[in-house]
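Student: Could we go through this model together, setting each value against its definition before drawing a conclusion?

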Amino acid sequence: MKNSTKRIDKLVTQLPIPRPWNRTTFVDNVATLRGRPITLISTADLELPVTPDSACGIWLMRDSEDVIIYEAATSEYHIDQIVCHELGHMLLGHMLLDHDRAADTSEGARAPDPLLHSAFPDLDPATVRAVLGRSDYGDRLEREAETFATLVMVAVTADRPSQGLRNVLFRQQ
């Protein structure tokens, strides 16, 4: 993981992180870098119930766009962490690895996340290139994405550490 962390740290230092921090601007910057739109959708916008089995974040890679669904009933800092985690999967190239792994039935493909199924009940699987959900940190891809998100959040709060702690503890209205 040490080499991985160095690679992730280098990536984060090269990103156009807005100051002052703005989640939407950062997502737009990443979309521009990647050359494809990224749409953020909160569970509140979808009016979906979140269950204990649901991931708190999902990245859906489609042919012409990326969609991030994130849990809305949490602090702004946690939403930033969730969104950055999913952006980490994108920027670290995890979609190819996860797509290949999901195609290998010998490892047992995961059941569709209830949140994803509720959000897109009529989704044509042929239009989906990869789906990654933020729920388990047991594998390398999840640890790398979480490291990426944490390093972005450290960079964001480096100038104003008390602001970062306040955002972790309190939801901004």
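Student: Which residue follows α2, and what is the sign of its phi?

Tutor: Gly35 follows α2, and its phi is positive, near 75°. Helices here are DSSP runs of H or I with at least four residues, strands are runs of E with at least two, and both are numbered from the N terminus. Residues are numbered from 1 along each chain as its sequence is written. This is a predicted model, in which local features need pLDDT of at least 70 and side-chain atom pairs count only at pLDDT 80 or more, whereas totals for chains, interfaces and linings use all residues, and side-chain values use heavy atoms, with hydrogens and water left out.

Student: How do you know that the length of α2 agrees with what is expected of a helix?

Tutor: The expected span is 1.5 Å times one less than the number of residues; for the 12 residues of α2 this gives 16 Å, and because the end C-alpha atoms lie 17 Å apart, the two agree.

Student: Why are the buried residues of α2 said to line one face?

Tutor: Buried means under 20% relative accessible area, exposed over 50% and partly exposed in between, with a 1.4 Å probe and protein chains only. In α2, Arg23, Phe26, Val27, Val30, Ala31 and Arg34 are buried. Seen down the helix axis, the buried residues of α2 fall within an arc of 140°, so they line one face, the arc being that of the directions from the axis to the C-beta atoms.

Student: What makes Asp66 count as buried, and with which side chain does Asp66 make a polar contact?

Tutor: Asp66, found in strand β3, has 0% relative accessibility and therefore counts as buried. Its side chain makes a polar contact with the side chain of Arg36 at 2.8 Å, where the term requires a pair of N or O atoms within 3.5 Å, one able to donate a hydrogen and the other to accept it within protein, and residues adjacent in sequence count only if both atoms are side-chain atoms.

Student: Why is α7 called largely enclosed?

Tutor: Of the 18 residues of α7, 13 are buried, so the helix is largely enclosed by the rest of the structure.

Student: How many residues does the largest nonpolar core have, and what makes it a core?

Tutor: It has 29 residues, and those with the most contacts inside it include Ile17, Phe26 and Val152. A nonpolar core is a set of buried Ala, Val, Leu, Ile, Met, Phe, Trp, Tyr and Cys residues joined through side-chain atoms within 4.5 Å. The largest share of this core, seven residues, comes from α4.
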